[in-house]
Protein chains: 2
Amino acid sequence: MKLITRNTDYALRALCFIAKSDGKIIPVSGLARELRVPQPFLRKILQVLSKKRILKSLKGQGGGFLLKRSPVKIFLPDIMRIFQGKLRLNECSLKKLLCPEQKTCPLRKKISGIERYVLRELNAISIASLIG
Amino acid sequence: MKLITRNTDYALRALCFIAKSDGKIIPVSGLARELRVPQPFLRKILQVLSKKRILKSLKGQGGGFLLKRSPVKIFLPDIMRIFQGKLRLNECSLKKLLCPEQKTCPLRKKISGIERYVLRELNAISIASLIG
DNA sequence: GACAAATGATACAATTATGGTATCATTTTA
DNA sequence: TAAAATGATACCATAATTGTATCATTTGTC
Ligand code: FES
Ligand code: FES
């Protein structure tokens with residue numbers, strides 16, 4: 001029942017660190033040392049963030065990553081969606097059989113209330129708010 | 001990011017069905033047909049519920065399962081814990097390294113607020129409330 | 001220009017969690 | 001005694017997660 005998987009977590013920490021570095025170009029090597037996280041894995045994560053336009057990357061010697069968006073505009077669900085797919089707490093496990101009870105199912109109703117709350121809260125968490 | 005896994009879901013539906021059957025002894029065979037769920041898997045699930053004192057079982061011909069506790073006293077987290085372990089949304093993925101930031105980590109703080117809310121809501125959901 | 005240090009792209013591997021089967025033993029009733 | 005049920009347990013399959021490995025490309029520096 002993890003809300004946040006490891007790769008999202010690494011990504012968040014990396015983003016926080018980069019955000020705190022005030023525009024300096026951060027190479028994976030340094031970041032991995034800093035966060036004590038396996039470097040090749042972290043590298044893959046940063047490459048994804050780069051492709052998703054969260055980070056900007058600079059190749060070549062002296063290169064690395066920096067933020068492409070202001071930390072006030074990067075929200076937790078943005079990152080979670082990248083690494084964990086759609087943010088749904090509430091799918092019927094019979095969906096393949098087209099569960100006819102989906103609309104009326106009392107369990108779904110209750111959980112979807114929870115889901116709305118969780119998403120609202122997550123949406124309020126930005127990278128900026130984490131380093132504030 | 002599933003809140004409820006398949007086995008929990010099956011278990012809940014089984015419990016609801018049994019609860020609605022008003023004391024009748026329900027064999028797995030019938031239940032599996034009714035819920036359209038693989039019978040051996042459902043059987044394993046019911047056996048666990050039985051061992052955990054949620055269901056009572058009767059062996060032999062004409063046997064099956066019935067509730068051991070009133071449906072007003074069976075809550076969603078009871079079942080979730082059985083099949084999904086501890087209900088924590090909020091573990092640091094560095095726990096093995098004894099992340100020194102656990103206490104002060106702003107992400108943990110924010111998520112633990114969400115966690116408390118979710119648990120409170122889940123605790124309000126009983127089998128009775130699902131069949132009401 | 002050669003070299004070193006970085007990312008891009010991508011394929012592969014390991015581990016864990018989840019979902020599910022199979023089987024044999026035991027109990028109970030008809 | 002046979003049939004219908006659960007108890008216990010071992011096993012298997014699939015998918016998701018967490019990584020590793022490698023080669024190609026870019027870029028700054030000597
Ligand atoms: S059982 Fe399908 S939505 Fe509740
Ligand atoms: S990084 Fe370990 S608790 Fe936040």
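1. Buried area is the accessible area, taken with a 1.4 Å probe, that two parts lose on being put together, summed over both. On that basis chain B and chain A bury about 3200 Å² between them. Carbon and sulfur atoms carry 69% of this area. The model is predicted.

2. Residue counts for the protein–protein contact come next. Chain B puts in 35 residues. Chain A puts in 33 residues.

3. Polar links across this interface can be listed briefly. The count between chain B and chain A is 2 salt bridges. One of them joins the side chains of A:Asp9 and B:Arg108, at 3.3 Å from N to O. For polar contact, the rule finds 2 residue pairs across the interface, with both residues at pLDDT 80 or more.

4. Which elements of chain B give two or more residues to the side that touches chain A? They are helix 1, helix 4 (76–84), helix 5 (106–123) and helix 6 (127–131). Helix 5 of chain B has the largest share, 10 residues. By class, this side of chain B divides into 22 nonpolar, 3 polar and 10 charged residues.

5. Now DNA strand D. The strand is surrounded by 26 residues. The closest are A:Arg6, A:Phe41, A:Lys44, B:Arg43 and B:Ser57, so named from both chain A and chain B. Of the strand D atoms that come within 4 Å of the protein, 58% are accounted for by sugar and phosphate.

6. Individual atom pairs on strand D involve both backbone and base. B:Ser57 has a side-chain N or O atom 2.5 Å from a phosphate oxygen of DNA strand D. For A:Tyr10, a side-chain N or O atom is 3.2 Å from a phosphate oxygen of the strand. B:Arg43 goes to a base instead: an N or O atom of its side chain is 2.6 Å from a base nitrogen of DNA strand D.

7. The surface near DNA strand D draws on elements of both chains. From chain A, helix 1 (6–20) and helix 3 (39–51) each supply at least two residues. From chain B, helix 3 (39–51), strand 1 (55–58) and strand 2 (64–67) do so. Helix 3 of chain A gives the most, with 4 residues. The class tally for this surface is 8 nonpolar, 11 polar and 7 charged residues.

8. DNA strand C has 26 residues around it. Those that come nearest are A:Arg43, A:Gln47, A:Ser57, B:Lys44 and B:Gln61. Sugar or phosphate holds 58% of the strand C atoms within 4 Å of the protein, and bases hold the rest.

9. Three atom pairs on strand C deserve a look. A polar backbone atom of A:Val28 is 3.1 Å from a phosphate oxygen of DNA strand C. B:Arg6 uses its side chain, with an N or O atom 3.0 Å from a phosphate oxygen of the strand. B:Lys44 reaches a base: a polar side-chain atom lies 2.6 Å from a base oxygen of DNA strand C.

10. Which element gives the most to the surface near DNA strand C? Helix 3 of chain B does, with 4 residues. Helix 1 (6–20) of chain B also supplies at least two residues. On the chain A side, helix 3, strand 1 (55–58) and strand 2 (64–67) each supply at least two. By class, the residues of this surface divide into 8 nonpolar, 11 polar and 7 charged.

Conventions:
Residues numbered from 1 in each chain as written. Chains lettered and ligands numbered in written order. Predicted model: local features only at pLDDT ≥ 70, side-chain atom pairs only at ≥ 80, totals over all residues. Heavy atoms only, no water. Polar contact = N/O pair within 3.5 Å; in protein donor to acceptor, adjacent residues only side chain to side chain. Nonpolar A, V, L, I, M, F, W, Y, C, P; charged D, E, K, R; others polar. Contact = heavy atoms within 4.5 Å. Salt bridge = Lys/Arg side-chain N within 4 Å of Asp/Glu carboxyl O.
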